[in-house]
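Q: I should like a close look at how the helices are packed in this structure, and at the loops that follow. Please define each term as it arises.

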Amino acid sequence: KGLFDLIKCAEHVCKVHPDVKFILSGRGPFLNKLEEEVRRIGLQKNIVFLGYVKRNKLIQVYQNATVHVVPSHYEGLPTVLLEAMSCGLPVVATDISGNNEVISSGVNGFLVPPKAPEGMAKTILRLLHDTVLREKIGRAARKTIEEHYTWDKIADNILKCYENML
């Protein structure tokens with residue numbers, strides 16, 4: 001999922017903004033190694049591991065965030081991308097399939113090359129420094145979800161597929 005890249009990215013961002021917090025939710029087989037890496041580089045105050053987060057709490061996490069990052073090396077269509085965009089968050093995501101089918105870079109989010117934590121950091125810093133851009137991208141992200149990814153839109157698309165097959 002590119003979380004080690006995100007930690008390297010955080011190192012760059014925190015040099016410029018030592019007060020920034022990166023919030024990671026979920027659990028997985030690399031959690032201990034990720035926590036070790038955070039301790040090794042001394043970012044324990046900047047990178048917070050929440051573990052498993054229930055849905056109602058997850059929405060609060062999104063709503064309190066400034067930027068959402070999807071650092072994946074490969075993906076289908078990540079639910080977290082759609083969830084963050086639906087909350088009006090500007091998203092910085094790697095330019096891989098799934099992500100690049102939803103995001104038009106510079107319009108409703110930003111795409112960065114996978115495995116490029118410095119480029120990711122540069123884009124995050126740009127959004128942190130430019131409130132107007134951050135809000136504009138967040139509004140466009142929300143609009144994208146409303147226009148193409150609501151459950152009604154998805155159900156309509158599935159129904160059209162079935163109708164076309166018949």
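A: The angle between two axes is named by fixed ranges: under 35 degrees is roughly parallel, over 145 roughly antiparallel, 65 to 115 roughly perpendicular, and the rest oblique. The axes are lines fitted to C-alpha atoms, for helices over the stretch in contact, and angles run from 0 to 180 degrees between N-to-C directions. Helices (H or I, at least four residues) and strands (E, at least two) are DSSP runs numbered from the N terminus.

The model is predicted, so local features need pLDDT of at least 70 and side-chain atom pairs pLDDT 80 or more, while totals for chains, interfaces and linings use all residues. Residues are numbered from 1 along each chain as its sequence is written, and side-chain values use heavy atoms, leaving out hydrogens and water.

Helix α3 (residues 55–63) packs on helix α4 (residues 79–86) at about 60 degrees, with the axes 9 Å apart; the two are therefore oblique to each other. The crossing is right-handed, a term for a near helix turned clockwise from the far one by less than a right angle, anticlockwise being left-handed. In contact (heavy atoms within 4.5 Å) are R55, L58 and Y62 of α3 with V80, E83 and A84 of α4. These residues comprise four nonpolar, no polar and two charged; Ala, Val, Leu, Ile, Met, Phe, Trp, Tyr, Cys and Pro count as nonpolar, Asp, Glu, Lys and Arg as charged, and the others, Gly among them, as polar.

Helix α1 (residues 3–16) and α6 pack at about 45 degrees, with axes 8 Å apart, which makes α1 oblique to α6. Their crossing is right-handed. Residues of α1 including L6, C9 and V13 meet residues of α6 including A121, I124 and L128. By class, this contact holds 10 nonpolar, two polar and three charged residues.

The loop between β5 and α6 (117–129) contains K115. Most residues other than glycine have a negative phi, yet K115, which is not a glycine, has a positive phi of about 60 degrees. At 60% relative accessibility K115 counts as exposed, since exposed means over 50%, buried under 20%, and partly exposed in between (1.4 Å probe, protein chains only).

In the loop between α5 (99–102) and β5 (110–112) lies N108, which counts as buried at 3% relative accessibility. The N108 side chain reaches the backbone oxygen of V102 at 3.0 Å.

Note on methods. A polar contact is a pair of N or O atoms within 3.5 Å; within protein, one must be able to donate a hydrogen and the other to accept it, and residues adjacent in sequence count only if both atoms are side-chain atoms.
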